[in-house]
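Here is a brief report on one structure. The sequence and the model come first, then the description.

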Amino acid sequence: MWLRRRVLAPLLRRHGDRVFLGPIARAHPRLEAIVRMARWWRPWSSRVAYHRSREELYAHGLSEIGTPRMYLEFGVAKGASLRWWVGHVTDASTTFVGFDTFEGIPEAWGRQPAGSYTAHGDIPDIDDDRVRFEVGRFEETIPGFLDAQELSHPLVLHLDADLYASTETVLRTIGPLLSTGDLVIFDELLDVGTAEHEFLALDDLAPTLGLNWTPIAAVDNGPQVALAVTEPAGASP
Ligand SMILES: C[S@@+](CC[C@H](N)C(=O)[O-])C[C@H]1O[C@@H](n2cnc3c(N)ncnc32)[C@H](O)[C@@H]1O
């Protein structure tokens with residue numbers, strides 16, 4: 001664990017683009033994902049602002065975006081991150097929607113077995129009329145949610161569902177509806193121990209979404225990253 005966080009992760013972030021993606025890496029899905037992650041991150045690593053905690057990263061994102069009209073969080077559990085946003089965005093017209101089964105992750109993620117992070121079906125008790133929940137699997141709740149209302153921008157899309165399949169579902173359905181000025185936060189994007197999940201979902205889908213993402217902030221020694229959605233013309237480095 002110490003070796004991974006303190007040695008392997010910083011090394012790959014700094015020098016990963018020089019790693020030779022040989023047959024061993026290609027035969028091992030996580031290793032291949034780590035190398036892809038390192039190559040993707042390298043050009044951004046010296047450009048983003050680093051923060052000591054995910055809350056500092058949220059505050060940075062919030063200062064970039066101004067007042068979001070809509071905040072969508074995928075993976076709420078007991079509501080720790082959602083509470084931060086509800087507490088720091090005071091505008092009465094902002095809509096907050098939390099998506100979750102509240103029964104934990106549906107598949108194993110890294111060393112965490114299926115069912116980890118369960119809230120035992122309990123929806124967080126957040127006393128604020130601006131907040132509502134879509135309870136169920138994302139693949140079941142997103143279509144009805146999108147049929148019932150249009151997204152409002154600027155929008156914060158917060159992805160904290162850990163798994164490839166869950167993250168892919170959100171990016172495939174909500175991703176094409178994002179626009180310039182929106183903010184996307186990944187809770188586990190740069191976790192080398194689970195690189196085949198959130199990162200790979202983003203990297204696999206990015207070419208099909210017709211969007212450009214500019215990473216603006218990351219947590220020092222942590223996996224969280226905030227990306228700004230930029231004009232299609234604002235090419236990646
Ligand atoms: C790590 S927890 C979220 C933690 C929370 N954002 C926080 O900071 O306290 C991940 C959550 O994602 C939810 N989840 C994962 N995949 C899902 C899916 N396909 N549909 C609905 N919920 C899902 C799990 O139920 C779990 O509550």
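## Helix α5

This is a predicted model. The buried residues of helix α5 pack against α4 and against four strands: β2 (70-74), β3 (95-100), β4 and β5. Helix α5 itself spans residues 80-88. Its buried residues are S81, L82, W85 and V86. These four lie on the same side of α5, because they cover an arc of only 135 degrees around the axis. A80, G87 and H88 are on the other side of α5, and they are exposed.

## The sheet

The strands form an open sheet. There are eight of them, in the order β1-β7-β8-β6-β5-β2-β3-β4, and the pairing is mixed. Two strands sit at the edges: β1 (49-51) and β4 (131-135). Each of these pairs on one side only. From one strand to the next, the twist averages 20 degrees.

Helix α4 (residues 54-65) packs on this sheet. Helix α4 touches β1, β5 (155-159), β6 (183-186), β7 and β8 (225-230). The direction of α4 makes about 140 degrees with that of β7.

## Strand pairs

Which sense does the pairing of β1 and β7 take? It is parallel, with three bridges between β1 and β7 (residues 212-219). Within this pair, A49 stands opposite A217 of β7.

Strand β8 has antiparallel partners in β7 and β6. The pairing of β7 with β8 runs over six bridges and is antiparallel. Here A217 has A226 of β8 as its bridge partner. A217 therefore links two descriptions: it stands opposite A49, and it is bridged to A226. Strands β6 and β8 also run antiparallel, joined by four bridges. In that pair, V184 is matched with L227 in β8.

## Positive phi at two sites

Where does A77 lie? It is in the loop between β2 and α5. A77 is not a glycine, yet its phi is positive, at about 50 degrees. Is A77 buried or exposed? A77 counts as buried, because it has 22 C-beta neighbours inside 10 Å, and the cut-off for buried is 20 or more.

N221 also has a positive phi, near 60 degrees, and is a residue other than glycine. N221 lies in the loop between β7 and β8. These two strands form a hairpin with five residues between them. N221 counts as exposed, because it has 12 C-beta neighbours inside 10 Å, and the cut-off for exposed is 12 or fewer.

## A cis peptide bond

The peptide bond that joins H153 and P154 is cis. Its omega is about 0 degrees. P154 is placed in the loop between α6 (138-148) and β5.

## Around the ligand

How many residues surround the ligand? The shell holds 20 residues. The closest are G75, A77, A80, S81 and S166. By class, the shell divides into nine nonpolar, five polar and six charged residues.

Some of these closest residues have appeared above. A77 is the buried loop residue with a positive phi of about 50 degrees. A80 and S81 belong to α5: S81 is among its buried residues, whereas A80 is exposed on the other side of that helix.

Conventions:
Residues numbered from 1 in each chain as written. Predicted model: local features only at pLDDT ≥ 70, side-chain atom pairs only at ≥ 80, totals over all residues. Near = placed C-beta within 6 Å. Nonpolar A, V, L, I, M, F, W, Y, C, P; charged D, E, K, R; others polar. Pairing = 2+ DSSP bridges. Axes fitted to C-alpha atoms, helices over the stretch in contact; angles between N-to-C directions. Contact = placed C-beta atoms within 7 Å. Arc of directions from axis to C-beta.
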